[in-house]
Amino acid sequence: MKTGRVVMHQFESALLFNNPAGDSHARMVPVYLPPSYATSPERRFPVVYVLTGFTGRGRMLLNDNPWSPALDERMDRLISSGGCGEMILVMPDCFTRFGGSQYLNSTATGGYMDHIVTELVPFVDRAYRTLASREHRGVVGKSSGGYGAWVMAMMHPEIFGAMAAHSGDCYFEYCYRPDIPKFLSAVQAAGGIEKWFAAFQGKIQKKHEDLTVLNILGMAAAYSPSPAIPPFGIDFPCDFDTGVFRDDVCDRWLKLDPFQMLDEQRYADALRQMKLVYFDCGTRDEWHLHLGARLMSRK
């Protein structure tokens, strides 16, 4: 079986330099080159940007696990078996100290959508023999990465010509609201969001319930940043004292829900321009994303 290779790029982002969350602007970005890249020097290839889920970054797609092949191994097997054509895969790192960026621009975390669209895409097209047009460029992701695929396609159809979302965040009333009371209880028990986050950062091993709380913090950083609000420049969808939902903040979240975004003509038109719109989800999803996927399909 012919195999491709992975090149690791230490990418220093001008857009992420001095970002508000204090995360490093230097990101390790793996790029998978298919088998024929080395043997056919005149050939150019389509490119797919592969987005990881919440708390993930590109390198995790290459984790060595004897029971679950890494992404490069999967691609080698697919290409060798004729299951797919050859393509370049780019695995961005859009992790933040709040667990992720949702691949959006936010005053609480930084310009992660712009980082991909205006920095990584031109860099890859300069560095490699790509078919450098939207017709040959796609975006795919899982979970929060699936959400990123939705919004990248909707907001930048001039860059991406195809998208696929696997268990992508959508229909926020189902996928986030049930966890907000858990978030609130943990924050109250810790004595506030700042104290909770400090304790979380100090834990050597993060538990599932910790990540449930972090998820709501991370979503608020992406969907409702508010620079004037201490300590993180983030507004939250509930009152920390009573737990009542705050409609003004909830509305900000919903405006970035792919299900709601489809009601805007520009976003619906953007998806109609795609060569492919593909999405799926398992039927027992922990965050009810299978219901969101059905609703997206119906709409």
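Begin by colouring every Phe, Tyr and Trp: 22 aromatic pairs are counted, where a pair means rings of Phe, Tyr and Trp (its six-membered ring) whose centres lie within 6.5 Å. Planes under 30 degrees apart count as stacked, over 60 as edge-to-face and the rest as tilted. Select F98 and F197, a tilted pair with 5.4 Å from centre to centre and 40 degrees between the planes. This pair links distant parts of the chain, 99 residues apart: F98 is in the loop between β4 (88–90) and β5 (105–106), and F197 is in helix α7 (residues 193–202). Helices (H or I, at least four residues) and strands (E, at least two) are DSSP runs, numbered from the N terminus.

The model is a predicted one, in which local features need pLDDT of at least 70, side-chain atom pairs count only at pLDDT 80 or more, and totals for chains, interfaces and linings use all residues. Residues are numbered from 1 along each chain as its sequence is written, and side-chain values use heavy atoms, with hydrogens and water left out.

**The aromatic cluster and two lysines**

Are F98 and F197 buried or exposed? Both F98 and F197 are buried (under 20% relative accessible area; exposed is over 50% and partly exposed in between, with a 1.4 Å probe and protein chains only). Add W196, F200 and F232 to the selection, since these residues form one aromatic cluster with F98 and F197.

Next, select K206, which lies over the face of F200 at 5.0 Å from the ring centre. A charge sits over a ring if NZ of Lys or CZ of Arg is within 6 Å of the ring centre and within 35 degrees of the ring normal. Then move to K299, whose charged end sits over the ring of F259, 3.6 Å from its centre.

**The whole chain**

Zoom out to see the protein chain with its 12 helices and 9 strands. Along its principal axes, the C-alpha trace spans about 65 × 40 × 40 Å. Of the 299 residues, 52% count as buried. Contact means heavy atoms within 4.5 Å; among contacts with a separation of 6 or more, 72% come from residues 24 or more positions apart.

**The nonpolar cores**

A nonpolar core is a set of buried Ala, Val, Leu, Ile, Met, Phe, Trp, Tyr and Cys residues joined through side-chain atoms within 4.5 Å. Which residues touch the most other members of the largest core? Select Y49, L217 and Y223, which do so among its 78 residues. Helix α8 (residues 208–223) supplies the largest share of this core, 9 residues. A second, separate core has 11 residues, including L71, I79, M91 and V140. Return to Y49 and display its neighbours: leaving aside residues up to four places away in sequence, Y49 touches residues including V90, P92, I116, R137 and F160.

**Backbone details**

Select P230 and P231, where the peptide bond from P230 to P231 is cis, with omega near 0 degrees. P231 lies in the loop between α8 and α9 (247–254).

Now find N18, in the loop between β1 (5–12) and β2 (26–33). N18 has a positive phi of about 60 degrees, although it is not a glycine. N18 is exposed, with a relative accessible area of 69%.

Finish at T55, in the loop between β3 (47–51) and α2 (71–81). What is the phi of T55? The phi of T55 is near 70 degrees, a positive value in a residue other than glycine. T55 is partly exposed, with a relative accessible area of 40%.
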